[in-house]
Amino acid sequence: MIRFKNVSLTLGNKQLLEQFNLNIAKGDKVVISAPSGAGKSTLLKLLLGFFEPDEGRILFNQKELRPENMRLIRSQIGYLSQDIDLPNGKVEEVFDEIFHYAVNRNINYSRDMLIEKIREVNLKEDILAKNTIDISGGERQRLGWILVMLLNRPVLLLDEPTSALDEAMKNYFVDYIKQTKKTVICSSHDKEWHTEPMRIITNLRS
Ligand SMILES: Nc1ncnc2c1ncn2[C@@H]1O[C@H](COP(=O)(O)OP(=O)(O)OP(=O)(O)O)[C@@H](O)[C@H]1O
């Protein structure tokens, strides 16, 4: 479903990917656990079309990543960025707004579903009335997770998605990924991700 074929990429003066090959089948769970600065975030950003490879090809559902395909490809991806980029505003309104975007209008979403998820991830309902700029890193990360879970897209790209969470919460999200049928690529250093059925990738330079 996702294929990197001999992909090389240099940013600045640093070669991050060198003839990199990776085949990801539908439903696979891939965890990238290369050292800091190795290019994990960049690999995810390549799939979103934020960077283009210097050499090689990237295929998504047999289609080559090209500017004209990116809109359709992105509509199938739930992306959790490292800094959880939520718009400014009251949490409840931010979620409402996101589910009113044209691309998300066919998704089943309600305030009750949001509240159920908020409870599941050990947040309190009063977070709905808080501004997204006034919440902690751990709260923000859990809201990002709630968003990708509710968006319910077939492919998840997760960039250090458990870095700000306690052990119980890390395990909660690892368990969610274990049981989902979605195709998942996750960058993380957390040991909780080193478990079946995750495929661990440690080297981006071959
Ligand atoms: N647009 C850019 N121009 C030049 N260099 C860049 C650019 N984006 C990233 N880099 C550099 O590429 C390297 C890889 O960055 P990236 O964020 O992908 O690493 P990472 O493996 O995710 O690291 P970490 O685990 O610390 O988040 C870093 O040295 C970074 O400074």
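## Around the ligand

In this predicted model, the ligand is surrounded by 16 residues, and those that come nearest are S36, G37, K40, S41 and T42. By type, the shell around the ligand divides into eight polar residues, five nonpolar and three charged.

## Contacts with ligand oxygens

Let's look at some individual atoms. S36, one of the nearest residues, has an N or O atom in its side chain 2.5 Å from an oxygen atom of the ligand. K40 is also among the nearest, and a polar atom of the K40 side chain lies 2.6 Å from a ligand oxygen. With A38 the backbone takes part: one of its N or O atoms there is 3.2 Å from an oxygen atom of the ligand.

How much of the ligand does the protein bury? Taken alone, the ligand exposes 650 Å², and 62% of that is buried by the protein.

## Elements that build the shell

Which elements give two or more residues to the shell around the ligand? They are strand β2, spanning 14–24, and helix α1, spanning 40–47. The most comes from α1, which gives three residues.

## How α3 and α5 pack

Now for a pair of helices: α3 covers residues 91–100, and α5 covers residues 137–151. Their axes come within 12 Å and cross at roughly 30°. Angles under 35 degrees count as roughly parallel, and α3 and α5 are therefore roughly parallel to each other. As for handedness, the crossing of α3 and α5 is right-handed.

Key:
Residues numbered from 1 in each chain as written. Predicted model: local features only at pLDDT ≥ 70, side-chain atom pairs only at ≥ 80, totals over all residues. Heavy atoms only, no water. Near = heavy atom within 4 Å. Polar contact = N/O pair within 3.5 Å; in protein donor to acceptor, adjacent residues only side chain to side chain. Areas by Shrake-Rupley, 256 points an atom, 1.4 Å probe, with all protein chains shown as cover. Helix = DSSP H or I, 4+ residues; strand = E, 2+ residues; numbered from the N terminus. Nonpolar A, V, L, I, M, F, W, Y, C, P; charged D, E, K, R; others polar. Axes fitted to C-alpha atoms, helices over the stretch in contact; angles between N-to-C directions. Parallel < 35°, antiparallel > 145°, perpendicular 65-115°, else oblique. Left-handed = near helix turned anticlockwise from the far one by under 90°.
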